[in-house]
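Here are some notes to read alongside the structure, written for someone opening it for the first time. Keep the viewer open and check each point as you go.

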Amino acid sequence: MPCTVTIGGFYGDEGKGKIIAYLAINDNYNVAARGGVGPNAGHTFVQNNKEYRVRMLPSAVLNKDTRLLIGAGVLVEPNILLKEINTFDAIDRTFIDFQCGIIEQNHQEKDKKDNHLKEIVGTTGSGTGPANSERALRQLKLAKDVPEVALFLEDVSNSINYSIDNKENVLIEGTQGTFLSLYHGIYPYVTSKDVTASAICSDVGVGPKKIDEVLIVFKSYVTRVGGGPLTNEISLEESKERNWSEFGSVTGRQRRAAPFDFNLAKKSIQINSATQIALTKLDILFPHCKGIKDYSKLENDAKKFVENIESETGIPVTIIGTGAEINDTIDRRNNM
Ligand code: IMP
Ligand code: MG
């Protein structure tokens with residue numbers, strides 16, 4: 001059974017939540033482990049017209065047989081975590097590492113008030129930057145120090161490595177996107193940690209030789225929220241006309257938009273050593289695609305778009321999103 005890591009290829013909001021929710025049900029993971037920064041990410045998925053969102057739990061949560069882990073590199077906000085555990089009835093299958101950092105109210109206040117963070121970087125205000133800076137100073141509280149999360153503590157790296165060594169089916173979930181990385185993004189318009197594949201694996205305590213597949217998620221166009229450059233950005237009016245206009249799931253802010261960017265895609269494939277692409281929202285570019293589940297049923301313009309991405313990047317587009325519902329998905333993995 002393979003160990004797969006999913007990664008955002010652009011600036012976050014590529015639709016990782018939907019792709020992971022699809023994989024979770026279809027591939028039936030024994031274990032899904034969340035890496036990344038913390039509750040600044042919101043992953044959304046829709047099942048039977050009902051929309052769900054997670055900011056702390058892995059997006060594989062809808063599969064009740066999957067053990068849900070949160071790695072030591074991830075910051076935990078206890079109130080958000082407990083609420084999600086309750087919403088998804090996940091008390092018996094959620095485990096967080098003893099060494100997850102804890103976000104407290106003062107971190108959120110600082111994130112929302114600090115002029116540089118709020119006005120220049122345009123953070124989500126969820127407290128992740130201030131908490132990670134305290135962690136670098138070795139002053140941040142860890143999960144093992146707070147009673148609210150005591151029930152869920154586990155040695156996550158040991159648990160996930162045990163699963164991989166015993167040939168279980170394991171998913172490691174990245175959050176944010178490659179160009180929000182503190183190291184590889186466009187500084188200072190970045191998040192407070194590296195979020196590329198190597199970092200996500202490190203967050204959950206898995207070394208590079210144990211990863212079989214790196215599935216990079218690209219949306220059919222590029223969006224970003226907050227400050228920083230966005231090549232070929234279109235106006236908000238034009239993005240509305242093209243139906244590319246989106247609003248952030250954590251902050252409600254309107255996302256800026258640009259066409260699919262091959263230079264960014266190639267660079268993020270390189271940094272992440274991606275082996276496969278999941279392409280989301282193809283139905284927004286090509287409305288006739290909506291709900292299609294069979295690649296051969298796509299019209300030629302949509303196929304050309306997909307095949308051009310494959311020839312430019314040199315890796316296969318194995319999964320394609322054709323609508324918000326989890327099942328609005330083309331899965332080409334078994335017939336390529
Ligand atoms: P922070 O991570 O809240 O400190 O925000 C830093 C930058 O990353 C801002 O531009 C945010 O809009 C962006 N950001 C952080 N998390 C996400 C995400 O999950 N999706 C999209 N943008 C994000
Ligand atoms: Mg998001």
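The points below go from the metal site to the salt bridges, then to the sheet and the cores.

1. A word first on what you are looking at: this is a predicted model. Please read every value below as computed from that model.

2. Start with the magnesium ion, ligand 2. Which residues serve as its protein donors? They are Asp-13, through OD, and Gly-42, through its O atom, and they lie 2.3 to 2.6 Å from the ion. These two come from distant parts of the chain, 29 residues apart. Asp-13 sits in the loop between strand S1 (3–8) and helix H1 (16–27), while Gly-42 belongs to the loop between strand S2 (31–34) and strand S3 (43–47).

3. Are those two donors buried or partly exposed? One of each, as it turns out. Gly-42 counts as buried because its relative accessibility is 15%, under the 20% cut-off. Asp-13 has a relative accessible area of 23%, so it is partly exposed.

4. Stay with Asp-13 for a moment, as there is another partner to look at. Arg-255 makes a salt bridge with Asp-13, with 3.2 Å between the closest N and O atoms. Here too distant parts of the chain are linked: 242 residues separate the pair, and Arg-255 lies in the loop between helix H8 (236–241) and strand S13 (256–259). Arg-255 is buried, at 8% relative accessibility, whereas Asp-13 is partly exposed at 23%. If you follow the charges further, you find a network of salt bridges that links Asp-13, Lys-219, Glu-246, Arg-255 and Lys-281.

5. How many salt bridges are there by the rule used here? The count comes to 20. One of them joins the side chains of Lys-16 and Glu-14, at 2.6 Å from N to O. Both partners are buried: Lys-16 has a relative accessible area of 3%, and Glu-14 is at 1%.

6. Another one to find is the salt bridge between the side chains of Arg-256 and Glu-233, 3.0 Å from N to O. Arg-256 is in S13 and Glu-233 is in the loop between strand S12 (221–224) and H8, 23 residues apart. Arg-256 is buried with a relative accessible area of 17%, but Glu-233 is partly exposed at 36%.

7. That brings us to S12 itself. This strand is covered on both faces, with Tyr-221 and Thr-223 buried on one side and Val-222 and Arg-224 buried on the other. S12 pairs with S13 in the antiparallel sense, over four bridges. To see the pairing, look for Val-222, which stands opposite Ala-258 in S13.

8. Now for the open sheet of ten strands, with mixed pairing. Its order is S9-S7-S5-S2-S10-S1-S11-S14-S15-S16. Which strands form the edges? They are S9 (153–154) and S16 (329–331), each of which pairs on one side only. At the S9 end, strand S7 (residues 94–97) and S9 run parallel and share two bridges, with Asp-97 having Glu-154 in S9 as its bridge partner. Helix H11 (residues 300–313) packs on the sheet and touches strands S14 (276–280) and S15 (317–321), its direction making about 150° with that of S14.

9. Inside that sheet, S2 deserves a look. Both of its faces are covered: Val-31 and Ala-33 are buried on one side, and Ala-32 and Arg-34 are buried on the other. S2 runs parallel to S5 (residues 67–70), joined by four bridges, and pairs in the parallel sense with S10 (residues 170–173), also over four bridges. Arg-34 is a handy landmark, with Ile-70 as its bridge partner in S5 and Glu-173 opposite in S10.

10. Finally, the nonpolar cores. The largest has 49 residues, of which Ile-160, Ile-172, Phe-218, Leu-279 and Leu-282 touch the most other members. Beyond its neighbours within four places in sequence, Leu-282 is in contact with residues including Ser-220, Cys-289, Leu-298, Phe-305 and Ile-320. Another core, of 38 residues, lies apart from this one and has Met-56, Leu-62, Leu-68 and Ile-70 among its members.

Conventions:
Residues numbered from 1 in each chain as written. Chains lettered and ligands numbered in written order. Predicted model: local features only at pLDDT ≥ 70, side-chain atom pairs only at ≥ 80, totals over all residues. Heavy atoms only, no water. Donors = N, O, S within 2.8 Å, 3.2 Å for Na, K, Ca; no water. Buried < 20%, exposed > 50% of the residue type's maximum accessible area, 1.4 Å probe, protein only. Salt bridge = Lys/Arg side-chain N within 4 Å of Asp/Glu carboxyl O. Pairing = 2+ DSSP bridges. Contact = heavy atoms within 4.5 Å. Axes fitted to C-alpha atoms, helices over the stretch in contact; angles between N-to-C directions. Core = buried A, V, L, I, M, F, W, Y, C linked by side-chain atoms within 4.5 Å.
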